[in-house]
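Trainee: Before we go through this model, could you take the descriptive words one at a time and show me what each of them rests on?

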Amino acid sequence: MIAWGVLEIIESKSDARHVSRFDSWENVVSGLGTLMGDRARGVDWTPEITTSPERLANLFRFDDVCRRIVSIVVEDALREGYEICGPAPDRIESAFARLEVDEKLHESLIWRRLYGGSIWHLGLPGAAIDPAPLGATGVGWIDVYDRRAVQRGAFVTEKTDPNYGRAVTYRVTPANGGSFEVHRSRCIVFRGSLTGRTEREQQDGWDDSVLETCVRIVRAF
């Protein structure tokens with residue numbers, strides 16, 4: 001019935017150059033593939049507002065699926081541990097144990113996936129605002145901060161500098177109050193999900209959370 005209707009429409013055209021083609025899954029009788037008759041043709045992508053850090057925190061704390069999405073890659077990557085190579089591995093292992101490197105590495109990798117970034121603030125000699133001394137050894141401690149506690153201070157504005165756009169200092173505001181500024185050379189920065197430069201600039205230099213691309217699917221589930 002549909003086929004005969006299509007034939008009649010084609011044969012009724014006086015100019016063959018204006019005959020519609022039906023080999024691209026279009027059907028004027030049923031409306032399939034046509035702008036006016038096919039509701040799917042009206043579907044378009046509308047981006048949602050970036051998920052706030054507060055909402056990300058609640059998703060991680062109270063939704064088991066979201067928590068698993070954030071944690072599973074980190075747990076799989078660290079489950080077999082690692083081997084320390086180089087001179088004096090026993091001393092390095094002892095220092096790692098003192099600094100609780102394993103626990104803090106796990107924590108910082110979780111926060112980078114959840115919030116789009118985290119840092120280690122290393123306890124190196126000298127004032128926090130000053131660049132770390134060249135060849136400095138003897139890390140006294142490691143503090144972990146997620147993106148919520150860290151804002152860019154000064155950053156490189158010279159476009160010819162290979163570090164253009166990167167922070168020179170960070171302003172850290174711990175949860176227990178107070179704030180301080182720390183030089184970039186005293187930090188190890190953990191990046192989040194791959195994010196374009198324009199979008200990072202809109203987020204104070206931080207990346208997206210891994211939940212941004214799947215939170216709608218979790219919500220539908």
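**Aromatic pairs and strand pairing**

Mentor: Across the whole structure, which is a predicted model, a search finds six aromatic pairs.

Trainee: Why is the pair of Tyr170 and Trp206 called stacked?

Mentor: The ring centres of Tyr170 and Trp206 are 6.4 Å apart, with 25° between the planes; rings pair if their centres lie within 6.5 Å, and planes under 30 degrees apart count as stacked, so this pair meets both conditions.

Trainee: What makes this pair a tie between parts of the chain?

Mentor: Tyr170 belongs to strand β4 (residues 169–172), whereas Trp206 is in the loop between α6 (197–202) and α7 (215–220), so the pair ties together parts that are 36 residues apart in sequence.

Trainee: How do you know whether Tyr170 is buried or exposed, and Trp206 likewise?

Mentor: The relative accessible area is 7% for Tyr170 and 4% for Trp206; since buried means under 20%, Tyr170 is buried, and Trp206 is buried as well.

Trainee: What makes Arg67 a residue that lies over the face of Phe60?

Mentor: Arg67 lies at 4.3 Å from the ring centre of Phe60, and the distance cut-off for a charge over a ring is within 6 Å, alongside a condition on direction of within 35 degrees of the ring normal. Phe60 also forms one aromatic cluster with Trp111 and Tyr115.

Trainee: And how far from the ring centre of Phe155 is the charged end of Arg152?

Mentor: The charged end of Arg152 sits over that ring, 4.7 Å from its centre, which is again set against the cut-off of within 6 Å. Arg152 also stands opposite Tyr170 in β4.

Trainee: How do you know that strand β3 (residues 150–152) and β4 pair?

Mentor: Three bridges link β3 and β4 in the antiparallel sense, and because two strands pair if there are at least two bridges between them, the condition is met. Four bridges join β4 to strand β5 (residues 180–183), again antiparallel, and Val172 has Phe180 as its bridge partner in β5.

Trainee: Why are β2 and β6 called edge strands?

Mentor: The open sheet of three strands has the order β2-β1-β6, with antiparallel pairing, and the edge strands β2 (142–146) and β6 (187–191) each pair on one side only. Strand β1 (residues 117–122) is joined to β6 by five bridges, and the bridge partner of His121 in β6 is Cys187. Helix α5 (residues 101–115) lies across β1, β2 and β6, running at about 150° to β1.

Methods: Residues numbered from 1 in each chain as written. Predicted model: local features only at pLDDT ≥ 70, side-chain atom pairs only at ≥ 80, totals over all residues. Heavy atoms only, no water. Phe/Tyr/Trp six-rings, centres within 6.5 Å; stacked < 30°, edge-to-face > 60°. Helix = DSSP H or I, 4+ residues; strand = E, 2+ residues; numbered from the N terminus. Buried < 20%, exposed > 50% of the residue type's maximum accessible area, 1.4 Å probe, protein only. Contact = heavy atoms within 4.5 Å. Axes fitted to C-alpha atoms, helices over the stretch in contact; angles between N-to-C directions.
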